[in-house]
Amino acid sequence: MNQILVTKKLYITPELKRKKKMYKFNFIISIFLVCVLTSLYIYAEYDRNKYEAVSQEVLQEVNQIISAAQEDTTIAKDDILLVVLDGTEEDYKAIETTEKVDVAQVNEQTEWEQTSAGYKYKKIAIINIPKINVNYVIYQGETGSLEEIEALLKMAPCKYHGYEPNEVGNFCIVGHNYRNTKFFSKVPTLVVGDKVELTDLTGRTITYEVYDKHTVDPNDTRDTTQLTGGKKEITLITCTDNSEQRVIVKCKEVKK
């Protein structure tokens with residue numbers, strides 16, 4: 001019996017004790033890292049939900065601004081000027097005019113706002129994609145720098161390149177892929193034929209149809225070209241799920 005006990009005692013060598021301590025240390029570190037990563041994930045999700053709530057509040061504000069503009073007694077459309085004579089629908093008088101809705105002028109008059117980090121931006125349009133429940137205000141930064149866009153993307157999709165919304169050319173919009181249901185996370189699921197609506201600050205809504213979808217290298221900017229043959233197009237841009245490439249969704253105006 002004594003011989004057996006001595007043998008067991010001798011079996012626990014200093015090397016084994018060292019390995020045991022290392023195992024305990026590694027285990028504690030692993031638990032600590034799991035807690036830290038979990039906390040970071042929870043905080044990031046909280047942050048995203050916070051900005052989602054803010055973006056929906058902003059959307060309501062812009063919708064009210066657009067509604068107020070549409071209720072004005074003089075309402076400008078593409079090539080018709082409607083003048084309210086005494087407030088009743090029967091008394092609308094259509095006057096042909098060669099003037100167009102000046103989206104650029106409306107956007108120019110829109111006030112700049114500023115983030116807590118000091119980046120200036122303005123709200124220039126609303127994007128609505130019914131199929132994937134996307135309905136957000138689009139921001140435009142003051143300088144268009146990558147740092148500025150990255151800061152603004154936390155709050156809303158942003159204008160990346162192009163002319164004014166709903167004007168001839170290629171209006172490029174970039175949004176975050178959070179791999180959930182928020183912002184542009186579901187844009188990669190769009191297919192040819194899906195509809196995208198863009199409403200500018202004059203209240204004009206144009207429907208666009210997806211005609212192409214592909215992925216490109218982050219440094220490939222060929223899809224932002226403004227050579228559209230005189231047509232109105234929009235390009236939606238977001239990351240792939242692994243963030244290694246960019247998903248490009250090309251859309252063209254649906255003619256009525």
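Which residue is the bridge partner of Val196 in strand 10? It is Tyr208; some notes on how that fits with the rest follow.

1. Ground rules. This is a predicted model, where local features need pLDDT of at least 70, side-chain atom pairs count only at pLDDT 80 or more, and totals for chains, interfaces and linings use all residues. Residues are numbered from 1 along each chain as its sequence is written, and side-chain values use heavy atoms, with hydrogens and water left out.

2. The strand 9 and strand 10 hairpin. Strands here are DSSP runs (E, at least two residues), numbered from the N terminus, while helices would be H or I runs of at least four. Two strands pair if DSSP finds at least two bridges between them. Strand 9 (195-200) and strand 10 (205-216) are antiparallel, with five bridges joining them. Four residues sit between the two strands of this hairpin, and Gly203 in the turn has a positive phi of about 95°.

3. The other partner of strand 10. Strand 12 (residues 246-253) also pairs with strand 10, antiparallel again, over eight bridges. If you want one place to look, Val210 has Cys251 of strand 12 as its bridge partner.

4. Strand 8, covered on both sides. Strand 8 spans residues 169-174, and six of its six residues are buried (buried means under 20% relative accessible area, exposed over 50%, partly exposed in between, with a 1.4 Å probe and protein chains only). In a regular strand the side chains alternate between the two faces of the sheet. Here Gly169, Phe171 and Ile173 point one way, Asn170, Cys172 and Val174 the other, and all are buried.

5. Neighbours of strand 8. Strand 7 (residues 158-161) pairs with strand 8 in the antiparallel sense over three bridges, and His161 has Cys172 as its bridge partner. Strand 11 (residues 232-239) runs parallel to strand 8, with six bridges between them. In that pairing Ile173 is matched with Leu236.

6. A look at Gly229. This glycine is in the loop between strand 10 and strand 11. Is Gly229 buried or exposed? It is exposed, at 74% relative accessible area. Its C-alpha is 8.3 Å from that of Gly169, although the two are 60 residues apart in sequence.

7. Lys159, a lysine worth checking. Lys159 lies in strand 7 and counts as buried because its relative accessibility is 15%. Leaving aside neighbours within four places in sequence, Lys159 is in contact with Ile124, Ile138, Tyr139, Gln140, Phe171 and Cys172 (contact means heavy atoms within 4.5 Å). Two of those names, Phe171 and Cys172, turned up above in strand 8. The side chain of Lys159 also reaches the backbone oxygen of Gly162 at 3.1 Å. That is a polar contact, meaning a pair of N or O atoms within 3.5 Å; within protein, one must be able to donate a hydrogen and the other to accept it, and residues adjacent in sequence count only if both atoms are side-chain atoms. Ile149, ten residues away along the chain, has its C-alpha 8.6 Å from that of Lys159.

8. Aromatic pairs. Rings of Phe, Tyr and Trp (its six-membered ring) pair if their centres lie within 6.5 Å; planes under 30 degrees apart count as stacked, over 60 as edge-to-face and the rest as tilted. By this rule there are three aromatic pairs. One of them is stacked: Tyr136 with Phe183, 4.9 Å centre to centre and 5° between the planes. This pair links distant parts of the chain, with Tyr136 in strand 6 (residues 134-141) and Phe183 in the loop between strand 8 and strand 9, 47 residues apart. The rings of Tyr178 and Phe183 are edge-to-face, because their planes are at 75°, with centres 5.7 Å apart. Ring pairs thus link Tyr136, Tyr178 and Phe183 into a cluster. Each member is buried, with relative accessible areas of 3% for Tyr136, 13% for Tyr178 and 1% for Phe183.

9. Ser185 in the same loop. Ser185 is found in the loop between strand 8 and strand 9, and is buried at 7% relative accessible area. Its side chain reaches the backbone nitrogen of Tyr178 at 2.8 Å and the backbone oxygen of Lys182 at 2.7 Å. Not counting residues up to four places away in sequence, Ser185 touches His176, Asn177, Tyr178, Arg179 and Asn180.
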